[in-house]
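Student: Could you take me through some features of a protein model, giving the general idea before the particular case? I would like to begin with aromatic rings.

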Amino acid sequence: MSNHYDWLIHNAKLATFDHQNTAYGETRDTSVGVRDGRIELLPKQGFTAATADHRIDADGKWLTPGLIDCHTHLVFGGNRANEFEWRLQGDSYESIAARGGGIVSTVAATRGVSEAQLFDQSAPRLERLLQEGVTTVEIKSGYGLSTEHEIKMLKVARALGDAYPVTVKTTFLGAHAVPVEFAKQANGKQHYIDYVCNTMLPEIAALGLADAVDVFCEGIGFSSDQCEQVFLAAHAHKLPIKGHVEQLSNLGGAVMAAQHKALSVDHVEYLALADVPKLIDTVAVLLPAAYYFLHEQQKPPVEAFRQHGVAMAVATDLNPGTAPLASLLTAMNQSCVLFGLTPEEALMGTTKQAAKALGLATKGRLHDGMDADLALWDIQHLAELSYSINFHRPTAIWQDGNLVSHN
């Protein structure tokens with residue numbers, strides 16, 4: 001194989017997550033070659049013999065995989081600052097939803113804007129994530145709740161991925177809430193789930209707009225049986241699944257999702273300890289911003305996840321109602337302070353484990369053949385990324401082998 005590369009990055013400390021005998025899988029005296037969008041680790045001798053179009057002396061900085069935000073709702077219309085005020089005056093998430101707020105209010109705002117307007121409103125939120133070294137982001141639908149408007153949301157998500165240096169994975173979340181036109185019907189919730197499964201999902205799948213299918217399994221969302229109906233429809237269209245489960249109560253959604261080979265089970269604050277071992281083949285996505293914003297008290301069973309080897313990812317849950325957060329580094333801090341993760345777990349949760357939560361086998365690690373999504377940090381210790389709030393931005397970011405930011 002040729003020893004010529006597009007980029008050679010040397011004199012960096014690498015966070016590979018591949019060596020159990022060193023924190024973060026720290027590797028020194030190894031350079032990174034980038035060629036055709038993939039990386040190759042080069043020992044000192046290999047680096048000396050290599051040539052490149054571009055060389056960067058990292059001067060002892062830390063090189064990590066590009067960050068991955070594996071759970072967002074960043075495409076939406078309007079905002080819900082008024083509900084923030086109501087919540088501070090004592091209203092609960094459930095009572096706000098009952099008075100027409102919550103997801104349904106964002107649905108009205110999202111339906112009321114054009115595709116171009118929705119793109120323009122959503123783009124600044126994505127830009128904030130990219131400034132922190134995010135190179136992959138999952139974007140859910142779920143604020144359209146009709147075939148037309150769910151398609152509009154997913155098209156905007158895909159358009160954002162085309163317009164910005166980021167990998168966008170789209171998730172169809174039609175089973176997010178019951179739209180008002182169905183809520184007025186007798187047995188409207190079930191009729192809506194039938195519509196999601198029999199009308200919306202087949203059309204979206206035929207258009208190739210969704211990379212996965214999600215559900216909101218909750219008392220104010222949908223029952224475990226209704227969510228399973230959506231999963232079966234997703235399987236029929238050969239789409240992977242994931243689930244918002246056990247956020248506000250325990251409906252058994254996490255175990256049901258795991259039985260259907262879900263990529264991830266997300267929130268899981270009310271997950272029963274006895275159910276933790278049943279999640280070994282999926283990823284528990286922790287969303288501390290929603291916990292923080294809702295003043296919740298029930299925490300996800302982090303220690304049990306550790307004991308049973310359940311992978312833990314961390315994401316922003318960026319959304320207008322319960323997690324208006326466009327900072328994955330802040331979510332990492334919250335996961336440590338609020339949920340007790342170590343900084344190493346938090347960084348793994350936004351790289352290696354987040355990639356697993358999206359089914360991305362070639363992202364999230366510094367390893368031969370992985371995608372060249374990279375972030376270079378001018379810090380002394382990787383714990384600084386979780387320790388501080390709004391202190392750090394990468395000095396360089398590569399996405400798909402291309403240098404997209406360099407300070």
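Tutor: Let us start with the exposure of one ring residue in this predicted model: F84 has a relative accessibility of 39% and therefore counts as partly exposed, whereas F293 is buried, with a relative accessible area of 15%.

Student: How is the pairing of such rings described, and how many aromatic pairs does the structure hold?

Tutor: A pair of aromatic rings is described by the distance of the centres and the angle of the planes. The structure holds eight aromatic pairs. In one of them the ring centres of F84 and F293 are 5.2 Å apart and the planes meet at 25°, so this pair is stacked. The pair joins distant parts of the chain, since F84 belongs to helix α2 (residues 81-88) and F293 to helix α11 (residues 288-293), 209 residues apart.

Student: What are the distance and the angle for the pair Y192 and Y195?

Tutor: Y192 and Y195 form a tilted pair, with 6.1 Å from centre to centre and 45° between the planes. The general idea for a helix is helpful at this point: an α-helix has 3.6 residues a turn, so residues three or four places apart point the same way. Y192 and Y195 are three residues apart in helix α8, and are therefore separated by about one helical turn. Y192 is buried, with a relative accessible area of 0%. Ring pairs also link F182, Y192, Y195 and F222 into a cluster.

Student: Which charged end sits over the ring of F222?

Tutor: That of K189, which lies 5.8 Å from the centre of the F222 ring. Elsewhere, the charged end of R125 sits over the ring of F76, at 3.5 Å from the ring centre.

Student: How should I read the cysteines, and how many disulfides are there?

Tutor: A disulfide is a covalent bond between the sulfur atoms of two cysteines. With a cut-off of 2.5 Å between the sulfur atoms, the count comes to zero disulfides. For C217, the closest cysteine sulfur is that of C227, at 4.1 Å, which is too far for a bond. For C197, the closest cysteine sulfur is again in C227, at 9.7 Å, and this too is too far for a bond. C217 is buried, with a relative accessible area of 1%, and C197 is buried as well, at 7%.

Student: Which residues of the helix α9 are buried, and what covers them?

Tutor: The buried residues of α9 are S224, Q226, C227, V230, F231, A233 and A234, and what covers them includes β10 (167-175), α8 (188-207), β11 (212-217), β12 (242-245) and α10 (253-259). Helix α9 itself (residues 224-236) has 13 residues and reaches 18 Å from its first C-alpha to its last, close to the 18 Å expected at 1.5 Å a residue. Just after α9, K238 takes a positive phi of about 60°.

Student: What should I know about the sign of phi, and where does L145 lie?

Tutor: Most residues other than glycine have a negative phi. L145 has a positive phi of about 55° although it is not a glycine, and its place is in the loop between β9 (134-140) and α6 (147-163). H295, also not a glycine, has a positive phi of about 55° and lies in the loop between α11 and α12 (302-308).

Student: Are L145 and H295 buried or exposed?

Tutor: L145 is buried, with a relative accessible area of 0%, whereas H295 counts as exposed at 57% relative accessibility.

Student: How far does α6 reach from its first C-alpha to its last, and what covers its buried residues?

Tutor: Helix α6 has 17 residues and reaches 24 Å, close to the 24 Å expected at 1.5 Å a residue. Its buried residues include H149, E150, K152 and L160, and the cover of the buried residues of α6 includes α4 (103-111), α5 (115-131), β9, β10 and α8.

Student: What does V166 touch?

Tutor: V166, which lies in the loop between α6 and β10, is buried at a relative accessible area of 5%. Not counting residues up to four places away in sequence, V166 touches L126, L130, T135, T136, V137, L160, G161 and Q399.

Technical notes: Residues are numbered from 1 along each chain as its sequence is written. This is a predicted model: local features need pLDDT of at least 70, side-chain atom pairs count only at pLDDT 80 or more; totals for chains, interfaces and linings use all residues. Side-chain values use heavy atoms; hydrogens and water are left out. Buried means under 20% relative accessible area, exposed over 50%, partly exposed in between (1.4 Å probe, protein chains only). Helices (H or I, at least four residues) and strands (E, at least two) are DSSP runs, numbered from the N terminus. The expected span of a helix is 1.5 Å times one less than its number of residues. Contact means heavy atoms within 4.5 Å. Rings of Phe, Tyr and Trp (its six-membered ring) pair if their centres lie within 6.5 Å; planes under 30 degrees apart count as stacked, over 60 as edge-to-face and the rest as tilted. A charge sits over a ring if NZ of Lys or CZ of Arg is within 6 Å of the ring centre and within 35 degrees of the ring normal.
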